[in-house]
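Visitor: I'd like to learn how to read a structure like this one. Could you walk me through some features, one at a time?

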Amino acid sequence: MSRLTTNGRRRIFFMDICFGMAILFLLGRVAWLMSGAGGELVKRAYDNQTRDRLISPRRGNITDRNGEILVGTQTAAAISVIHAQITDEEGTARVLSDILELDFDEVLKKVQKRVALVRIKDKVDAETAEKIRALDLDGVMIDEDIKRVYPYNDTAAQVLGFVGRDNQGVIGLEAKYDSILKGEKGRLMTYTKANGTEIKGLPQYRQAPVDGGELVTTLDLNIQRYAEQLIENTVTIKQAKSGLIIVMDPQNGEIYAMANYPSFDLNAPYTIEGGENMNSREKSDALNRMWRNFAINDTYEPGSTFKVVTSAAGLEEGVVHPDDTFECNAGRNVADRRIKCWRAPRSHGHETFVQGVQNSCNPVFMDVAARLGGARFYDYMIKYGFDKKTGVDLPGEAVGILRKKADITPLDTAVMSFGQSFQITPLQLISAVAATVNGGVRITPHFAKAVKNGDKTTDFVYNEGDRIISKETSDTMRGILESVVAVGTGNKTYIPGMRIGGKTATSQKLPRGSGKYIASFCAFAPAEDPKAIALVLINEPQGVYYGGQVAGPVMQQLLGNILPYMGVEPEFNENEKELAPIKAENYVGMSVKEAKTALGKLNIDAEVVGGGENVAAQLPNEGDNVNAGSKVILYTD
Ligand SMILES: [Zn+2]
C-alpha cells in the first residue's frame, strides 16, 4: 500500500498552487518526448513519474422511433496489472482469478509478465470492479471502460449489430454509424513515485472523453417484436429453414421492422448453438450464417411478386390497359419452348388484364413483356434500380444479379415477366413495390432518423427519389393490387374493413426442380393511401408451399394488428357491414329483460349467468368489440 512520502507532500503543495501550469508542463514534456528529443533514458524516467491512460467515451444509445432504448451503454471497468508494483504475485493472481472468474494459471502468467501494463479483463461490471477497488491491491489498476448492452437480446439482431472488444461496431447499425456512436476518448494522467506506484490523493489531469451521439432509428419496437413473434411461429410450424418480415413506410422508406428468424443474442453474438465440436472454419461459417440478414445479404428469384413491376411497365408504356382481354391456354410457346401457366394443365381461359393479375396468370405477363420487347422491359428493371443497391444504411448490401441487356432473348423476356432468370434481394423487391404504389417515386429504405447530441437533434435528410412511373399508373396499380387481395390469389390476407393491396409469390429455389421453394407475400395498406408496406418471406416451408396459402395468413395477422396500432381505423363497405365487430353498450343496472331487448336490436345474443333479475356485470365491457357470431355474457345480482 502506498504511503505519502515527504517528497509527495511537497508535490501536493506545488500542485495545489499551480496545477494548470503543471498540465502545460506535462503536455509540453509529452510533445518533447514524442518528438524524439528526449532520448530513451529520459523517457523511462518520465514514464516512472507520470502515467497516461485512455478513458473510453460513452458510446451513444440506439433507440427506436419512440425513444425506446434498443442498444445502451453501461459503465464498466478494465482491470490491469503493473508487474513492477506487484508485491505478492500469487496472492494477487488468486484474488483476481476468484473475483473475475478466470483461470488462476492464466492470470498468474499475466501477473508475472515483465511488461509495463497487462490487461486482465475488460468490460467488468461496476459492482465487481468495486470489490477489487476496495482491496486496494498493489499494482492492480482499475480503469473506466464501457460495456454495450442489448436489453432485448435477439430483437433486430441483424439490423442493430454489435461491437467487438474495442467497442467498435462489427456488423449492422453499430458498424454503419460507428463514427457517430463512438465519441472521442479521454485521457487520465497521474503522478507516480520513482518505483512506479501511483501517488494517491494527488490531483490528476483528466481530459474528459466526448460521448458519442444517440442514434434514433425508424424502427418501432412494438412492430419489430410482433413481426419477430409471427415469423418465429410460422417458421416453426412450417418447419422452414428461415423467415423474414420487413415493414416499411412506402412513402419515405422508413423501415419499421426487419425481422429475421432464426436470430441470435446480441449479448452473446459468438455463441453458436451446438458449436462445441466445430473447428474454427466451421465456427466462422456458422457465425456468418447466423449474422446474415436475408433482407439485404441474399438474393433470390422473386417469382410472381415481380409481376407488379411487369404490370406497371406495361401500363406506363400503354401496351396494356386494365380491360384488355387475354386467353390463358395453360401456357405460351416462346422460341419453340412451351412455358406453362402455373395452373397447367388447367387454364385460366378468357380473362381481362386485371383478372390476369388476380389469377397471377403467367401467359398474361409473358404477353405484356413481349409487347414491351426485351430491351424496353430491361430498361424498366434498370429504372427500378435492380442493378444497384437500394442504399439502405446497413453494411454488406447485395445487388441484383441480372443478365446483360444485349444477351436477352425472347425466352428470357418471357420468364423474366414472372420473376425468373434473375435474382434480387428482398429489400429491392419491397422497395420496388413501394415505388409502384406510393405515386411512382423511388425511395431509399433506411433506419437512421436522427442523431441526438445532448439537447441537439439533427435529422437525417433523404432526398426525394427519381420518378419511375406516373402517378396515374401508380393509382391504377393500387386498385388492381387491392383486387388481388379482395378476390384474387391474395385473399388469405383479406381483412374486413381494411383496404389491402398485394401480390403473392411462390419462388422455386435454384437449382430449379430441387423441390425447394420460397413462399412470399408483399402487401400494403390502406390501398388508397398506403401507410405501411410489408413483405413476408418463408424460406423452404415443408408441406404446402404456395405464397398465398403460407405467407397470406401471416400477412393477415401482421396487418390486422399493426394497422390499428398505427391508427388506421377500419372502414366497412356495404358487403362488410355484417362482418364488422359491434361495440357493446352498457347493460349494467338494466333488468335482464331490458338488456336482452337492447342486445337484440344489435343482433347480438345474450347469455345470462345467475338467477337474479338485474344485470350486475357484463362481458365484453361497454365499448369493447363483440365479434360476429359471439355473444355478451350478462351476470345477474
Ligand atoms: Zn393462366
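Guide: Sure! Keep in mind that this is a predicted model. Let's begin at T413, which sits in helix α17, residues 410-416.

Visitor: Is T413 buried or exposed?

Guide: For that, look at the relative accessible area: under 20% counts as buried. T413 comes out at 4%, so it is buried.

Visitor: Which residues is T413 in contact with, leaving aside its neighbours within four places in sequence?

Guide: Contact here means heavy atoms within 4.5 Å. With those neighbours set aside, T413 touches A369, G373, G374, F377 and I408. You can also compare sequence with space: T413 and V368 are 45 residues apart along the chain, and their C-alpha atoms are 10.0 Å apart.

Visitor: How much of the protein's contacts come from residues far apart in sequence?

Guide: Take the contacts with a separation of 6 or more: 71% of them are between residues 24 or more positions apart. As for the whole protein, it has 21 helices and 24 strands, and 50% of its 637 residues count as buried.

Visitor: Back to helices. At what angle do α15 and α16 pack?

Guide: The angle between α15 (residues 362-372) and α16 (residues 374-383) is about 100 degrees, and their axes are 5 Å apart. Angles of 65 to 115 degrees count as roughly perpendicular, and therefore α15 and α16 are roughly perpendicular to each other.

Visitor: Which residues meet where α15 and α16 pack?

Guide: From α15 you have A369, R371 and L372, and they meet G374, R376 and F377 of α16. Sorted by class, this contact has three nonpolar, one polar and two charged residues.

Visitor: There's a metal too. What coordinates the zinc ion?

Guide: To read a metal site, find the donor atoms and then check the angles among them. The zinc ion is held by the SG atoms of C328, C341 and C361 plus ND1 of H348, at 2.0 to 2.4 Å. Angles among the four donor atoms run from 102 to 118 degrees, and the site is tetrahedral.

Visitor: How are the donors of the zinc ion spaced along the chain?

Guide: The pattern is C-x12-C-x6-H-x12-C. C328 and C361 link distant parts of the chain, 33 residues apart: C328 is in the loop between β11 (325-327) and β12 (331-334), while C361 is in the loop between α14 (353-359) and α15. With a relative accessible area of 0%, C328 is buried, and C361 is buried at 0% too.

Visitor: What should I look for in the backbone?

Guide: Here's the general idea: most residues other than glycine have a negative phi, and most peptide bonds are trans, so you can look for exceptions. One of them is A156, with a positive phi near 50 degrees, in the loop between β5 (140-149) and α7 (157-160). Q239 also has a positive phi, about 45 degrees, without being a glycine. Its place is the loop between α10 (221-237) and β9 (242-248).

Visitor: Are A156 and Q239 buried or exposed?

Guide: A156 has a relative accessible area of 2%, so A156 is buried. Q239 is at 58%, so Q239 is exposed.

Visitor: And where are the cis peptide bonds?

Guide: One runs from Y261 to P262, with omega near 0 degrees. P262 is in the loop between β10 (255-261) and α11 (280-291). Another joins A525 and P526, with omega about -15 degrees, and P526 lies in the loop between β18 (517-525) and β19 (532-539).

Notes: Residues are numbered from 1 along each chain as its sequence is written. This is a predicted model: local features need pLDDT of at least 70, side-chain atom pairs count only at pLDDT 80 or more; totals for chains, interfaces and linings use all residues. Side-chain values use heavy atoms; hydrogens and water are left out. Axes are lines fitted to C-alpha atoms, for helices over the stretch in contact, and angles run from 0 to 180 degrees between N-to-C directions. Helices (H or I, at least four residues) and strands (E, at least two) are DSSP runs, numbered from the N terminus. Angles under 35 degrees count as roughly parallel, over 145 as roughly antiparallel, 65 to 115 as roughly perpendicular and the rest as oblique. Ala, Val, Leu, Ile, Met, Phe, Trp, Tyr, Cys and Pro count as nonpolar, Asp, Glu, Lys and Arg as charged, and the others, Gly among them, as polar. Donors are N, O and S atoms within 2.8 Å of the metal (3.2 Å for Na, K and Ca); water is not among the atoms, so sites may look incomplete. Four donors count as tetrahedral if all angles lie between 85 and 135 degrees; four count as square planar and six as octahedral if opposite donors are over 155 degrees apart and all others between 65 and 115; anything else is irregular. Buried means under 20% relative accessible area, exposed over 50%, partly exposed in between (1.4 Å probe, protein chains only).
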